[in-house]
Amino acid sequence: MVEPSAAPSADAAAPAPARRLRVLSGMQPTGRMHLGNYLGALRNWVALQDRYDCTFFVADYHSLTTVTDPATIRPAIAEMVMDWLAAGLDPERSVIFLQSDVPEVAELHLLLSMATPLGWLERVPSYKERLEQYPENINYGLLGYPVLQAADILLPRADRVPVGEDQAPHIELTREIARRFNGRFGQVFPEPEGLFTETPRVMGTDGVSKMSKSRGNTIGILDSPEQIRRTVMTMVTDVERPRRTDRGHPERCNVCALHRFFSPDRWEGIWEGEREARTGCVDVKRWLASAIADHFAPMRERRAELEARPGTVWEVLAAGADRARGAARETLDAARAACGLGHGQPAPAGLD
Ligand code: AMP
């Protein structure tokens, strides 16, 4: 369920390091952001910019493992990045780039693959699930997905990767790949750590499954107030309260859960009203719709400005790729040299 604030990390209590720690995170280009993406990831990314050197990327190589129509990728990138910028990701403070604009990641993926035992990849739960679900449609990209993810993280020498607890095994795999590479070829990669952020599981409008585009149960964060109202009014509420006069169970109602975030000053009163049957589900949904619409009003304005200048997204991504490639080249040169490649070139200087 939804908690109102992004969780702190152990870094908050630690003494300030000599340089700001580097954070990396990415998302596949899935188009416009919904409340799950926002509460589960995006608002936290925005907050991290205050304390870390942040890099955020659009994982378009990764999306090729599942995308069936390549023509859909570019519009989905534009939609998603406009939502990122509108929500407060700041290209002045963060590096924001498109994964395939930094092809160094593909070469690093190749080098890391030499240090990755096949058994490690075959044991990854998401791979095993895919194998069971679509045994006829398994490509190498799916198996190698965690190696590409390791390359994403190790290329900019990220110190921290913000993830939910359930993603911890993926970070551990990256650490193991880095350790094995370092052991076999020489010390090149720092071992990144997960930045364990509280990523709430936001339920969809059906109230029973995680909000996700594939289930068609999403609320778009930057939809018009009218669209938000229409969607929120379809939300499933407290199924144990069939009549308006029955007492409600706000702790089991998804609409009430969302009020905790979007109505920080009045959610307790709203919950009480439900418990005492003073309010009906329609009231609670109407209030939620306007609270969500109000919360995102400034972002909707920023998004409208971005839509009026469609080139901005691509300019931001191009500038981000330039910045990302500088660090990427240094890391890749060090990895190539450690592997005994790149003959005839001077050995790269040490990296911090
Ligand atoms: P996806 O597009 O599903 O890969 O999600 C992108 C990011 O949003 C990931 O960090 C997810 O953990 C987060 N996310 C997506 N859906 C939800 C949800 N329903 N609840 C919480 N976080 C979510």
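A residue counts as near a molecule if one of its heavy atoms lies within 4 Å of it. The exercises below apply to a predicted model.

**Exercise 1. The ligand shell**

State which residues are around the ligand, and sort them by class.

Solution.
1. Apply the cut-off of 4 Å to the heavy atoms of each residue. The residues around the ligand are then M27, T30, H34, G36, N37, G40, A41, P200, R201, V202, K210 and M211.
2. Sort by class: this shell holds five nonpolar, five polar and two charged residues.
3. Assign the shell to secondary structure. Helix α1 (residues 35-48) supplies its largest share, four residues.

**Exercise 2. Polar atoms at the ligand**

Find the distances from N37, P200 and V202 to polar atoms of the ligand, and state how much of the ligand's accessible area the protein covers.

Solution.
1. The cut-off for a polar contact is a pair of N or O atoms within 3.5 Å.
2. On the side-chain part, N37 places a polar atom 3.2 Å from an oxygen atom of the ligand.
3. From the backbone, an N or O atom of P200 lies 3.4 Å from a nitrogen atom of the ligand, and a polar backbone atom of V202 is 2.8 Å from a nitrogen atom of the ligand.
4. On its own, the ligand has 470 Å² of accessible area, and the protein covers 70% of that.

**Exercise 3. Helix α7 and its partners**

Describe how α7 is set against α8 and against α4.

Solution.
1. Two packed helices are described by the angle between their axes and the distance between the axes.
2. For helix α7 (residues 140-154) and helix α8 (residues 168-185), the axes come within 9 Å and cross at roughly 75°. The two helices are therefore roughly perpendicular to each other.
3. On the α7 side the contact is made by P146, V147, Q149, A150, I153 and L154, and on the α8 side by H170, I171, L173, T174, I177 and A178. By class, these are nine nonpolar, three polar and no charged residues.
4. The axes of helix α4 (residues 104-113) and α7 come within 8 Å, with a crossing of roughly 110°. That makes α4 roughly perpendicular to α7.
5. V105, L108, H109, L112 and S113 of α4 meet residues of α7 including Y140, G144, V147 and L148. The contact of α4 with α7 divides into nine nonpolar, three polar and one charged.

**Exercise 4. Helices α3 and α14**

Give the crossing of α3 with α14 and the make-up of their contact.

Solution.
1. The axes of helix α3 (residues 73-87) and helix α14 (residues 311-338) cross at roughly 85° and come within 9 Å. α3 and α14 are therefore roughly perpendicular to each other.
2. R74, I77, A78, V81, M82 and L85 of α3 make the contact with V313, W314, V316 and L317 of α14.
3. This contact has nine nonpolar, no polar and one charged residues.

Terms used. Residues numbered from 1 in each chain as written. Predicted model: local features only at pLDDT ≥ 70, side-chain atom pairs only at ≥ 80, totals over all residues. Heavy atoms only, no water. Polar contact = N/O pair within 3.5 Å; in protein donor to acceptor, adjacent residues only side chain to side chain. Areas by Shrake-Rupley, 256 points an atom, 1.4 Å probe, with all protein chains shown as cover. Nonpolar A, V, L, I, M, F, W, Y, C, P; charged D, E, K, R; others polar. Axes fitted to C-alpha atoms, helices over the stretch in contact; angles between N-to-C directions. Parallel < 35°, antiparallel > 145°, perpendicular 65-115°, else oblique. Contact = heavy atoms within 4.5 Å.
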